[in-house]
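Here's a quick look at how the pieces of this model fit together. Have the viewer open as you read.

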Amino acid sequence: MDKSQLMFWFLSALAVFSSLMVITRKNPVYSVLFLIITFFAISGHYVLMNAQFLAIVNIIVYAGAIMVLFLFVLMLMNLNKESEQQKNKYLLWSGAIAGGMLMVIMIAALNTTEPAVVNQPGAGDIGLIKNLGTKLFTEYVVPFEISSILFLSAMVGAVVLGKKGD
Amino acid sequence: MPITYYIFLAVIIFCIGVTGVLTRRNSIIVFMCIELMLNAVNLLLVAFSKLHHQRMLVLDAANVTAGTESQLFVFFIMVVAAAEVSVGLAIIVMMYRAVHSVDINFLNRLKN
């Protein structure tokens, strides 16, 4: 087992463990912190698959911006205490069983005996900025501009919704 | 690594997200579980991008940009997720001001 395979198993275990912690912790602040760990593990997977740009963007956008937003909202609302009253126990169990069944069925359906092999680190530099930028600003320039409009409307929406007093 | 390992990892993370949405009541944690599901999909897209790139290189050595598209899709998913989070958290803040709770059961009376 070489180094990249070892990294794959380590990062996978980290991602699964910390995402389990996200949904089991009572205190929402711990959930946010474990979610950040999950995002770092997924960024590690991106690096292993030669998607360096996406790895950095994932860290900057998710772990850096979105999670800070979550933490700010939690802290502003003073929710960092274990205040969640428990839902009906049957509902809890049925939710867990439904999610587990979905997982079992999808894994059983997608399991093949001779899977294609993804070369880890391997050749190829499609994940570099030069390549992605060329594609983004030539072929995909219209979606890019539309996403800027999306951001503008999201910004306006957030400001309007968050404004105090109507 | 066989591609199925990546598929299984993404399915496991996705289903953890689904379970979180179904079982938790705190709407912020439900929101975080949605982020978790989006990330599982992103991981799978990147894995298939890598696989596709490898395959196309074997067929045609000059085709060095095959598989770029799915990485761009991941980029757009991140863009949409960021926009969604900003609006969603604003809605949660608004709900908290109205009912002083972020319990998901109160979301059925968003107005007033």
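## Domains in chain A

A quick word on terms before the split: domain bounds here come from an automatic or database domain assignment. Keep in mind, too, that this is a predicted model.

For chain A, that assignment gives domain 1 as 3-127 and domain 2 as 128-166. Their C-alpha centres sit 24 Å apart. Where the two meet, domain 1 of chain A puts in 5 residues and domain 2 of chain A puts in 4 residues. On the domain 1 side of that contact, you get 2 nonpolar, 2 polar and 1 charged.

## Where chain A meets chain B

Now for the contact between chains: 70 residues of chain A touch 60 residues of chain B. On the chain A side, at least two residues each come from α1 (3-24), α2 (28-48), α3 (52-76), α4 (89-110), α5 (129-138) and α6 (141-162). The largest share belongs to α4(A), with 10 residues.

What is the make-up of the side of chain A that touches chain B, in nonpolar, polar and charged residues? It breaks down as 47 nonpolar, 20 polar and 3 charged.

## A glycine in α3

Let's zoom in on one residue. A:G64 is part of helix α3 of chain A. Is A:G64 buried, exposed or partly exposed? A:G64 counts as partly exposed because 14 other C-beta atoms lie within 10 Å, while buried would take 20 or more and exposed 12 or fewer.

As for A:A98, A:G64 is 34 residues away from this alanine in sequence, and the C-alpha to C-alpha distance between the two is 32 Å.

Terms used: Residues are numbered from 1 along each chain as its sequence is written. Chains are lettered from A and ligands numbered from 1 in the order in which they are written. This is a predicted model: local features need pLDDT of at least 70, side-chain atom pairs count only at pLDDT 80 or more; totals for chains, interfaces and linings use all residues. Two residues are in contact if their C-beta atoms, placed from the backbone, lie within 7 Å. Helices (H or I, at least four residues) and strands (E, at least two) are DSSP runs, numbered from the N terminus. Ala, Val, Leu, Ile, Met, Phe, Trp, Tyr, Cys and Pro count as nonpolar, Asp, Glu, Lys and Arg as charged, and the others, Gly among them, as polar.
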